[in-house]
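Student: I would like to go through the labels attached to this model and check each of them against its definition. Can we start with the burial terms?

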Amino acid sequence: MREKKKYTMLVVDDEPIISDGLKELFEEEFSDIFQIYNCYHPKKALEIFKYRMPDVVVSDVKMPKMSGIEMAEEMRKIKPDLHVLFLSGYDEFDFVYSAIKQDADDYILKTEGDGIIVQAMKKMTELLDSENLFMEEYKSAQSKVSYMAPAFKQQALVHILDGTVAADEEFRDAMMELENPLPEDSKLLLLIGTLQEKVTQITQEKILETVVQLLQKAFGDKISYIHKVMYRKSFVWLLESEDKELPALLFVTALDIQKMIQLRLGLLMYFGIARESVGWKELCSGYSELWTEMQRQAINEENSIIMESRELYISDSFNGEESDFEQMLAPITEKLRMMEELLSGENFPAFTDLLQDILSILVKAKRHSLYALEIYYSLGNILIAYINKKNIRPQLASRIQLMELFDPGSFVTWEQAAEYIIRLTSSVQEICMETQQTTMMSITERTKTYCLSHLSEDLSLPVIGQAIGFNPVYLSRIFKQIEGTSIREYIETCRMDLARRLIRSTRMKVYEIAEKCGYQNPAYFIKIFRAHYGMTPQECRDMG
């Protein structure tokens, strides 16, 4: 019996040679993953879709009677979680630009080659695998919902968070009947989650239990037990743990959990992480402080995970640990805010200057200073937020150990920690510059390809800019930076090269060659040719 494939794909293109070719390409590269179907008409594709319910659709953008975007909209009415990869030619850039971010998981040009198309499909496969992992965890969580603690445990946790349980005897009475009571002596780490959207109680329970399962899988023995409760419309998890590094480690895991919830449920969950574990008597004040911190900070899609911190001022935060600290005039907190803005704007020189200022303070701290630890984690939060925003964690993994960012205990001195932060920042900057360079080279190659294909036509900067999809001034600057010559000079060189080849290999008249090379005025063409080669077109032909 043939083994069933993991996913199903449908390829749609009104040009049979392209549709069949893509099907063969994907079958060669992904035969063990995808069951692949293809067709040449959008309406036929809709019929196949209703029957096969594919996970991925690879579609041309422009097709007769129905565009790929319109077809994808009809498909998503049937299957909202459908993934779409659009294919297009250069001249359709403006047509799909506004739709790329709304309707497509990826968008590539047909002329970019098989390697780019295969790479895009590999990313799609990774996304599908990630979604499947979340579904497995979600189903596992569902199967355990029936074993959740009874309602009175929830009430006991609410009373403790409210502060109505304060005495030891009251606490013991509240915990006596519980199957998994809160610990009386050990520590608990607060994790708070919030949603902007209202959800049903069933969805709340699913989220509470799913996060528990994911945390247990991620941390294992680092967490003894996780208690969960809905409190004042927020999700609360109490993690039994004595591990002082857990808050920082939890930051990275919360990012992954957040993405899974967003992928599967379409909900953006904001997280607040307490700075340290506390005893049960401190949960009430701990919740209030963490909640206040979440409200104080600007929570949005780019800053959706908050680690509790206190305002840091040199004069009081270091409490006299080093006399040099008092000489600093500006508060560290303000510098950290400025650094976050500079990094977001990719102003690396200014960011590095401020970073050096902060690190010069850090290296003077005592090894076990909690304030130094707070500075280190604050820098870590800024860097990891940017790394995730730019999605460069895979590239960084081959250059530096990223987990050390949240494990300052691995450094013997703060000097070593500072050196690591500098190396990490340098690696981030290098990757961003490489990415920018690759993008600029791609833009330049697209510009050259367009020019070579349209030498007989109008190749003014506005025309080229509109065809490529970039501002003409920006396009001109990028081209000059990469090629070392202007677009105008490049076009003239290409036209003259074509003119000389036509003069030597054909019997076309000079005015015909001029038109073929984009010159409507033969006299002007002859003038440019003479300036370029030191002879007239006729003299060039006579020379053989």
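Tutor: A residue is buried when its relative accessible area is under 20%, exposed when it is over 50%, and partly exposed in between, with a 1.4 Å probe and protein chains only. This is a predicted model, in which local features need pLDDT of at least 70 and side-chain atom pairs count only at pLDDT 80 or more, while totals for chains, interfaces and linings use all residues. Residues are numbered from 1 along each chain as its sequence is written, and side-chain values use heavy atoms, with hydrogens and water left out.

Student: Why is Pro 537 called buried?

Tutor: Its relative accessibility is 3%, and the limit for buried is under 20%, so the label applies to Pro 537. Pro 537 sits in helix H22, residues 537–542; helices are DSSP runs of H or I with at least four residues, strands are runs of E with at least two, and both are numbered from the N terminus. Ile 513 is 24 residues from Pro 537 in sequence, with a C-alpha to C-alpha distance of 9.6 Å.

Student: Which label does Lys 65 get, buried or exposed, and on what value?

Tutor: Lys 65 is exposed, since its relative accessible area is 84% and the limit is over 50%. It lies in the loop between E3 and helix H3 (68–78). Lys 65 also has a positive phi, about 70 degrees, although it is not a glycine.

Student: What makes Met 53 partly exposed?

Tutor: Its value is 31%, which falls in between the two limits. Met 53 is in the loop between helix H2 (42–52) and strand E3 (56–60). Its phi is positive too, at about 50 degrees, and Met 53 is not a glycine either.

Student: How are aromatic pairs recognised?

Tutor: Rings of Phe, Tyr and Trp (its six-membered ring) pair if their centres lie within 6.5 Å; planes under 30 degrees apart are stacked, over 60 edge-to-face, and the rest tilted. The whole structure has 18 such pairs. One of them joins Tyr 376 and Tyr 377, whose ring centres are 6.2 Å apart and whose planes stand at 65 degrees, so the pair is edge-to-face. Tyr 376 is buried at 0%, and Tyr 377 is buried at 12%.

Student: Why is the pair of Phe 411 and Tyr 420 called tilted?

Tutor: The centres are 5.5 Å apart and the planes are at 40 degrees; that angle is neither under 30 nor over 60, so the pair falls into the rest. Phe 411 and Tyr 420 are both buried. Together with Tyr 376, Tyr 377 and Trp 414, they form one aromatic cluster.

Student: How do you know that Arg 172 and Glu 184 form a salt bridge?

Tutor: A salt bridge requires a side-chain nitrogen of Lys or Arg within 4 Å of a carboxyl oxygen of Asp or Glu. For Arg 172 and Glu 184 the N to O distance is 2.9 Å, so the criterion is met. Arg 172 lies in helix H7 (168–176) and Glu 184 in the loop between H7 and strand E6 (188–195), so the bridge ties together parts that are 12 residues apart in sequence. Glu 169 joins Arg 172 and Glu 184 in a network of salt bridges. Arg 172 is partly exposed at 37%, as is Glu 184 at 32%.

Student: What closest distance makes Asp 256 and Arg 393 a salt bridge?

Tutor: Their closest N and O atoms are 3.5 Å apart. The pair ties together parts 137 residues apart in sequence, because Asp 256 is in helix H9 (246–265) and Arg 393 in helix H15 (393–397). Asp 256 is partly exposed at 34% and Arg 393 is partly exposed at 24%.

Student: Where does the salt bridge of Asp 497 and Arg 501 lie?

Tutor: It lies within helix H19 (487–505), where Asp 497 and Arg 501 are 4 residues apart, or about one helical turn. The N to O distance is 3.3 Å. Asp 497 is partly exposed at 32%, and Arg 501 is partly exposed at 47%. The structure holds 20 salt bridges.

Student: What makes up the negative surface patch?

Tutor: Glu 24, Glu 28, Glu 29 and Asp 114 form it. Patch residues need over 30% relative accessible area and no salt bridge, with like charges joined within 9 Å and nonpolar side chains (Val, Leu, Ile, Met, Phe, Trp, Tyr) within 5 Å. Asp 114 has 49% and is partly exposed, and it belongs to helix H5 (114–144). Helix H1 (16–30) gives the largest share of the patch, 3 residues.

Definitions and conventions: Accessible areas come from the Shrake-Rupley method with a 1.4 Å probe; for residues, only the protein chains shown count as cover. Lys and Arg count as positive and Asp and Glu as negative; His and the chain ends are not counted. The place of a charge is taken as NZ of Lys, CZ of Arg, CG of Asp or CD of Glu.
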